[in-house]
Structures are given as C-alpha cells and as structure tokens.
Amino acid sequence: LIGVRKALFDQLVSLGTPGNWDYIVVQVGMFSYTELTEPQVASIQNNHHIYMLKSGRISIAGCKVPCLILPLGSIY
C-alpha cells in the first residue's frame, strides 16, 4: 500500500494537479481521504467510473495507479 500511495502521489504532482497531496503519503492504511469536493467525486464517478464515498474516501488497496492518472489529473 505504501508503494501505491507513493506512485499516486508522484503522478498527481507530475501532472501539476492543483492542491497539496502530501496527505496521501502521510496517511496509512487501506483507505485515504482525498479532500475532493462532492462535485469532484461525482464528476470522477460519472465520467471515469471510479467510485468512492461522497466524502472523497477511497480504497487505496483497490487502486490501480495507471487507471487513476487521467481522472485525478483532470481535477481543478
């Protein structure tokens, strides 16, 4: 899970995705709060079929980083 978190963080930073993503590598465990707004979560769900709670909580254990690059890179 640490590797998934690090890869996700690295991709978000390299894409220039706005925001501070440090919490992804600081948090531990199978889940992460993404700090996404409810409209951002809805957009990712509707447009990219990546599902998480409305609060932005996502299962890190279920993440495949390449599948998240496009949707997370489009967050503004």
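Where is Leu-1 found relative to helix 1? Leu-1 sits in the segment before helix 1, which spans residues 2-14. Welcome to this predicted model; let us walk through it from the surface to the core.

**A nonpolar patch**

Leu-1 is a good starting point, as it belongs to a nonpolar patch on the surface together with Met-30 and Phe-31. The accessible area of these three residues together is about 280 Å². Leu-1 has a relative accessible area of 45%, so it is partly exposed.

**A salt bridge in helix 1**

Side chains of opposite charge can pair when their charged atoms come close. How many salt bridges are counted here? The count comes to one, and its partners are Asp-10 and Lys-6. Their closest N and O atoms are 2.8 Å apart. Because the two residues are four apart in helix 1, about one helical turn separates them. Asp-10 is partly exposed at 33% relative accessibility, and Lys-6 is partly exposed too, with a relative accessible area of 42%.

**Two residues with positive phi**

Most residues other than glycine have a negative phi. Glu-35 has a positive phi although it is not a glycine, and His-49 also has a positive phi without being a glycine. The table sets out their values and places.

| Residue | Phi | Relative accessibility | Place |
|---|---|---|---|
| Glu-35 | about 65 degrees | 58% | loop between strand 1 (31-33) and helix 3 (38-48) |
| His-49 | about 55 degrees | 55% | loop between helix 3 and strand 2 (57-59) |

Are these residues buried or exposed? Glu-35 counts as exposed at 58%, because the cut-off for exposed is over 50%. His-49, with 55%, is exposed as well.

**The nonpolar core**

In soluble globular proteins, nonpolar side chains tend to be buried together. Here the largest nonpolar core has 14 residues. Which of them have the most contacts inside this core? They are Trp-21, Ile-24, Leu-36, Met-52 and Ile-58. Helix 1, helix 2 (22-26) and helix 3 are the elements that give two or more residues to this core. Helix 1 gives the most, with three residues.

Ile-58 is worth a closer look. Leaving aside residues up to four places away in sequence, Ile-58 touches Met-30, Phe-31, Ser-32, Thr-34, Ile-50, Tyr-51, Met-52 and Cys-63. Among these, Met-30 and Phe-31 are already familiar from the surface patch with Leu-1, while Met-52 was named with Ile-58 for its contacts inside the core.

Notes
Residues numbered from 1 in each chain as written. Predicted model: local features only at pLDDT ≥ 70, side-chain atom pairs only at ≥ 80, totals over all residues. Heavy atoms only, no water. Buried < 20%, exposed > 50% of the residue type's maximum accessible area, 1.4 Å probe, protein only. Patch = residues over 30% accessible without salt bridge, like charges linked within 9 Å, V, L, I, M, F, W, Y side chains within 5 Å. Areas by Shrake-Rupley, 256 points an atom, 1.4 Å probe, with all protein chains shown as cover. Salt bridge = Lys/Arg side-chain N within 4 Å of Asp/Glu carboxyl O. Core = buried A, V, L, I, M, F, W, Y, C linked by side-chain atoms within 4.5 Å. Contact = heavy atoms within 4.5 Å.
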